[in-house]
Amino acid sequence: MAFRKFLPMFDRVLVERLAAETMSKGGIMLPEKAQGKVLQATVVAVGPGSINKSGALQPVCVKVGDSVLLPEYGGTKVLLDDKDYFLFRDADILGKYEN
């Protein structure tokens, strides 16, 4: 629960990427270089939002627990209690999966 000690600012979203597939559907172990980059993640913390031009608070579009699609590149890696998390802007998140 290290992310409880870390609160993103403004429109930032803290996510935890899903684990990469280490075995193919046929049961063959995949080497690290053959594993694709995981673009799906779970939101673990969100900031309050950003202030728009009129001075009103624009809330973040996702909430804690949502599954989201991330861009292939970008984000800031954050290490909390020996676990990797990534920090993205709300606008950088490509989409949200319906549960």
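## Exercises on a predicted all-strand model

Asp-11 and Arg-12 form a salt bridge in which the closest N and O atoms are 3.4 Å apart. Keep in mind as you work that this is a predicted model. Let's start from that pair and then move through the strands and loops.

### Exercise 1: a pair and its network

Task: Determine whether Asp-11 is buried or exposed, do the analogous classification for Arg-12, and find which residues are linked with them in a network of salt bridges.

Solution.
- Step 1. Asp-11 has a relative accessibility of 15%, so Asp-11 counts as buried; the cut-off for that class is under 20%.
- Step 2. Arg-12 counts as partly exposed because its relative accessibility is 25%.
- Step 3. Following the salt bridges further, Asp-11, Arg-12 and Arg-89 turn out to be linked in a network.
- Step 4. For the wider setting, a search of the whole structure gives six salt bridges.

### Exercise 2: two further salt bridges

Task: For the salt bridge of Asp-66 with Lys-96 and that of Lys-77 with Asp-84, give the closest N and O distance and the exposure of each partner.

Solution.
- Step 1. Between Asp-66 and Lys-96, the closest N and O atoms are 3.8 Å apart.
- Step 2. This pair links distant parts of the chain: Asp-66 sits in the loop between β4 (57-58) and β5, Lys-96 belongs to strand β8, and 30 residues separate them.
- Step 3. Asp-66 counts as buried because its relative accessibility is 5%, while Lys-96, with a relative accessible area of 41%, is partly exposed.
- Step 4. For Lys-77 and Asp-84, the closest N and O atoms lie 3.5 Å apart.
- Step 5. Lys-77 is at 55% relative accessibility and so counts as exposed; Asp-84 has a relative accessible area of 35% and is partly exposed.

### Exercise 3: a buried acid with no partner

Task: Asp-90 is buried yet has no salt bridge. Find where Asp-90 lies, which side chain of opposite charge is nearest, and which residues Asp-90 touches.

Solution.
- Step 1. The location of Asp-90 is the loop between β7 and β8 (95-97).
- Step 2. The nearest side chain of opposite charge is that of Lys-96, 9.0 Å away; a salt bridge would need a nitrogen within 4 Å of a carboxyl oxygen.
- Step 3. Leaving aside residues up to four places away in sequence, Asp-90 touches Asp-11, Val-13, Pro-59, Val-60, Cys-61 and Val-62. Asp-11 in this set is the residue that forms a salt bridge with Arg-12.

### Exercise 4: tracing the strands

Task: Work out the secondary-structure pattern of the protein chain and follow the pairings of β2 and of β6.

Solution.
- Step 1. The protein chain has eight strands and zero helices, and its pattern along the sequence reads β-β-β-β-β-β-β-β.
- Step 2. β1 (residues 12-17) and β2 (residues 40-46) run antiparallel, joined by five bridges. Here Glu-16 has Thr-42 in β2 as its bridge partner.
- Step 3. β2 also pairs with β5 in the antiparallel sense, over three bridges. Thr-42 appears again, with Ser-67 in β5 as its bridge partner.
- Step 4. β6 and β7 (residues 83-89) pair in the antiparallel sense over five bridges; within this pairing, Val-78 is matched with Tyr-85 in β7.
- Step 5. β6 and β7 form a hairpin with two residues between them, and Asp-81 in the turn has a positive phi of about 50°.

### Exercise 5: a loop residue

Task: Locate Glu-72, classify its exposure, and list what it touches.

Solution.
- Step 1. Glu-72 is placed in the loop between β5 (67-69) and β6 (76-80).
- Step 2. Its relative accessibility is 42%, so Glu-72 counts as partly exposed.
- Step 3. Not counting residues up to four places away in sequence, Glu-72 touches Lys-37 and Leu-39.
- Step 4. The C-alpha atoms of Glu-72 and Gln-40 are 9.9 Å apart, with their positions 32 residues apart along the chain.

### Exercise 6: rings and the whole chain

Task: How many aromatic pairs does the structure hold, which residue lies over the face of Phe-86, and what share of the 99 residues is buried?

Solution.
- Step 1. The structure holds zero aromatic pairs.
- Step 2. The face of Phe-86 is covered by Arg-17, at 4.6 Å from the ring centre.
- Step 3. Of the 99 residues in the protein chain, 30% are buried.
- Step 4. Among contacts with a separation of 6 or more, 62% are between residues 24 or more positions apart.

Key:
Residues numbered from 1 in each chain as written. Predicted model: local features only at pLDDT ≥ 70, side-chain atom pairs only at ≥ 80, totals over all residues. Heavy atoms only, no water. Helix = DSSP H or I, 4+ residues; strand = E, 2+ residues; numbered from the N terminus. Buried < 20%, exposed > 50% of the residue type's maximum accessible area, 1.4 Å probe, protein only. Contact = heavy atoms within 4.5 Å. Pairing = 2+ DSSP bridges. Lys, Arg positive; Asp, Glu negative; His and termini not counted. Phe/Tyr/Trp six-rings, centres within 6.5 Å; stacked < 30°, edge-to-face > 60°. Lys NZ or Arg CZ within 6 Å of the ring centre and 35° of its normal.
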